[in-house]
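Colleague: Got a minute to go through the pockets and ring contacts with me? I'd like the criteria behind each label.

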Amino acid sequence: MSDADRPPAVKSAARTVELLEALAQAPGRLTLTELASRLGYPKSSIHMLLRTLVGAGWVESDERGTAYGIGVRALLVGTAFLDRDVVNQVATAHLAALRAYLNETVHLARLDGADVVYLASRESMHILRSGSWVGRRVPAHSSAMGQVLLAQLSPEEVEARVPTELKAETQHTIADRQALARELQDVRVRRWAAEREQDALGLGSIAVAIPFGRPAAYGLSCSIPLSRFTDAHQRDVVEALHQHAEEIGGTLRRLPSA
């Protein structure tokens with residue numbers, strides 16, 4: 001259904017969601033003009049939505065009321081999702097154990113369309129570390145987490161899901177669909193993914209899928225500065241990630257409501 005065909009109430013709801021997503025993805029606050037340019041909607045319509053959302057606490061504005069950002073209500077809803085996500089609940093202790101054993105930053109994430117969304121992180125104690133990515137959304141093709149989760153899908157499903165043009169996050173990103181297809185086939189065979197500087201310069205990552213659901217939609221990953229990304233360390237990380245992913249999957253399959 002096109003935007004023009006939607007009933008007014010549904011159209012307003014769709015625009016509200018798109019507005020909130022635009023604010024959530026922006027690195028800073030956006031002006032009314034910037035929002036209109038990004039969304040392609042009239043300023044008058046966006047301004048009315050902003051007034052309602054500011055009043056409800058979903059959006060915050062600067063002191064002059066000229067720039068807007070995501071509000072605290074959005075955080076409450078996001079936190080509620082994490083509190084109720086059974087995979088996140090089960091994985092919490094495993095992330096802590098992985099961080100303690102590997103002393104690297106480890107993550108839990110799930111596939112969402114053509115992206116991965118990071119749900120939980122435990123940071124390395126090293127001075128040189130990657131930091132927490134909770135709430136971050138990244139293109140699946142550019143990270144080990146995304147690649148290992150895309151590899152759970154058939155080649156036809158991947159073809160339909162990923163964009164026609166793959167964005168290059170760095171000069172090392174796989175930005176060719178055929179090259180991505182070859183990489184995903186390799187990942188299917190070895191059951192883990194690894195990348196170096198495809199998402200961020202100076203940083204690599206290793207990921208495995210959690211064997212739960214068909215296809216598996218959640219994964220564990222470890223972010224490693226290149227200075228520590230040795231072959232021996234990679235072997236240790238892969239083994240540890242697989243062990244905890246299997247344990248998480250086993251626990252989830254035994255839960256009556258999972």
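Colleague: What makes the lining of the largest pocket 15 nonpolar, five polar and four charged residues?

Modeller: Ala, Val, Leu, Ile, Met, Phe, Trp, Tyr, Cys and Pro count as nonpolar, Asp, Glu, Lys and Arg as charged, and the others, Gly among them, as polar. Sorted that way, the lining gives 15, five and four. Mind you, this is a predicted model: local features need pLDDT of at least 70 and side-chain atom pairs 80 or more, while totals for chains, interfaces and linings use all residues. Numbering runs from 1 along each chain as its sequence is written, and side-chain values use heavy atoms, without hydrogens and water.

Colleague: Which element gives the most to that lining?

Modeller: α4, with eight residues.

Colleague: And why is Arg 15 said to lie over the face of Tyr 41?

Modeller: A charge sits over a ring if NZ of Lys or CZ of Arg is within 6 Å of the ring centre and within 35 degrees of the ring normal. Arg 15 is at 4.2 Å from the ring centre of Tyr 41, so the distance fits the 6 Å limit. Arg 190 lies over the face of Trp 192 too, at 4.8 Å from the ring centre.

Colleague: How many aromatic pairs are there?

Modeller: Zero. Rings of Phe, Tyr and Trp (its six-membered ring) pair if their centres lie within 6.5 Å; planes under 30 degrees apart are stacked, over 60 edge-to-face, the rest tilted.

Colleague: What classes line the second largest pocket?

Modeller: Six nonpolar, two polar and six charged residues.

Definitions and conventions: Helix = DSSP H or I, 4+ residues; strand = E, 2+ residues; numbered from the N terminus.
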